[in-house]
Amino acid sequence: MSDRDQRLRLIKAMEKELNFKRYVHTLGVAYTSTALAMRYGVDADRAETAGLLHDCAKCISCEKMQSLCRNKGIPIPPGELDNPALLHSKAGSVLAQTEYGVNDPEILSAIAGHTTGHPGMTDLEKIIFIADYIEPGRSVAENLDEIRRCAFRESLDKAMCMILRDTLAYLKTTGEPIDPATQETYDYYKSREQ
Ligand code: DGI
Ligand code: FE
Ligand code: FE
């Protein structure tokens, strides 16, 4: 099977696995990721694969997410255990490997880290994180126009900073617990701003 056929197979699999809105979001992330990859000289095929699979565990139960991580020996910080909004990324990296045959470690880590990020991300990892936030179907976050412009015209690091800043501000308004990784990633990219 060619690499292109492989990705077409993933599109079909995601159509079956996800609900319609999540599937459309997934296509948006996949194509936004390829566009950012072209802009920054990253392999667009790997970006598309990571984008297609980034939310592959979004529509399974929290128990299943936990068992996928446990079976692979992936440590779950206590604050993430009962939070599918955080857990689906780590569980997704397990499914990407076991169900969808992806063995590229950078694609797997881009999926695992797409919700909180982590300090020292690769360009591919940043691209998936950013595409998840700016894909065309997203409309409610603040400053979206500015962040979209920044992602394509300025730098990945600056877009990371803006997204993490707004995510932290949003979480403070909802009172949801902030994962230490989200704060650490923001502090890291903020400290790199000139
Ligand atoms: O899966 P998606 O909805 O496409 O996007 P995502 O994987 O980035 O998840 C987004 C949600 O995750 C969003 O509601 C914000 C939330 N999130 C990001 N960082 C943190 C967080 N939630 C908590 N509780 N703590 C965090 O640090
Ligand atoms: Fe997600
Ligand atoms: Fe997503």
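A residue counts as buried when its relative accessible area is under 20%, as exposed when that area is over 50%, and as partly exposed in between. In this predicted model, Asn143 has a relative accessible area of 32% and is therefore partly exposed. Asn143 is located in the loop between α7 and α8 (144-153). Its backbone is also of note: most residues other than glycine have a negative phi, whereas Asn143, which is not a glycine, has a positive phi of about 60 degrees.

A second loop asparagine, Asn103, is placed between α5 and α6 (105-112). Asn103 has a relative accessibility of 57% and so counts as exposed. Leaving aside residues up to four places away in sequence, the contacts of Asn103 are with Gln97 and Leu108. Ser93 is 10 residues from Asn103 along the chain, and the C-alpha atoms of these two residues are separated by 9.9 Å.

The model contains a pair of iron ions, ligand 2 and ligand 3, which are 3.5 Å apart. Asp55 coordinates both and thus forms a bridge between the iron ion (ligand 3) and the iron ion (ligand 2). For the iron ion (ligand 2), coordination is provided by Asp55 through OD and by His88 and His114 through NE2, at 2.1 to 2.2 Å. Along the chain these donors follow the spacing D-x32-H-x25-H. Distant parts of the chain are linked by the pair Asp55 and His88, which are 33 residues apart: Asp55 is in the loop between α3 (44-53) and α4 (62-71), and His88 is in helix α5 (residues 84-98). Both Asp55 and His88 are buried.

The iron ion (ligand 3) has four protein donor residues listed at 2.2 Å: His25 and His54, each through NE2, and Asp55 and Asp132, each through OD. The spacing of these donor residues in sequence is H-x28-H-D-x76-D. His25 belongs to helix α2 (residues 20-40) and Asp55 to the loop between α3 and α4, so this pair ties together parts that are 30 residues apart in sequence. His25 is buried, as is Asp55.

Two helix packings were also examined. Packed helices are described by the angle between their axes and the distance between the axes. Helix α2 packs against α8, with axes that come within 9 Å and cross at roughly 40 degrees. This angle makes α2 oblique to α8. On the α2 side the contact is made by Thr32, Ala35, Leu36, Arg39 and Tyr40, and on the α8 side by Cys150, Ala151, Phe152 and Arg153. Of the residues in the contact of α2 with α8, six are nonpolar, one is polar and two are charged.

The other packing involves helix α7 (residues 123-134) and helix α9 (residues 156-174), whose axes come within 10 Å and cross at roughly 45 degrees. Helix α7 is therefore oblique to α9. The crossing of α7 and α9 is left-handed. Helix α7 contributes Asp123, Lys126, Ile127, Phe129, Ile130 and Tyr133 to the contact, while α9 contributes Leu156, Asp157, Ala159, Met160, Ile163, Leu164, Asp166 and Thr167. By residue class, the contact of α7 with α9 comprises nine nonpolar, one polar and four charged residues.

Conventions:
Residues are numbered from 1 along each chain as its sequence is written. Chains are lettered from A and ligands numbered from 1 in the order in which they are written. This is a predicted model: local features need pLDDT of at least 70, side-chain atom pairs count only at pLDDT 80 or more; totals for chains, interfaces and linings use all residues. Side-chain values use heavy atoms; hydrogens and water are left out. Donors are N, O and S atoms within 2.8 Å of the metal (3.2 Å for Na, K and Ca); water is not among the atoms, so sites may look incomplete. Helices (H or I, at least four residues) and strands (E, at least two) are DSSP runs, numbered from the N terminus. Buried means under 20% relative accessible area, exposed over 50%, partly exposed in between (1.4 Å probe, protein chains only). Axes are lines fitted to C-alpha atoms, for helices over the stretch in contact, and angles run from 0 to 180 degrees between N-to-C directions. Angles under 35 degrees count as roughly parallel, over 145 as roughly antiparallel, 65 to 115 as roughly perpendicular and the rest as oblique. A crossing is left-handed if the near helix is turned anticlockwise from the far one by less than a right angle, and right-handed if clockwise. Contact means heavy atoms within 4.5 Å. Ala, Val, Leu, Ile, Met, Phe, Trp, Tyr, Cys and Pro count as nonpolar, Asp, Glu, Lys and Arg as charged, and the others, Gly among them, as polar.
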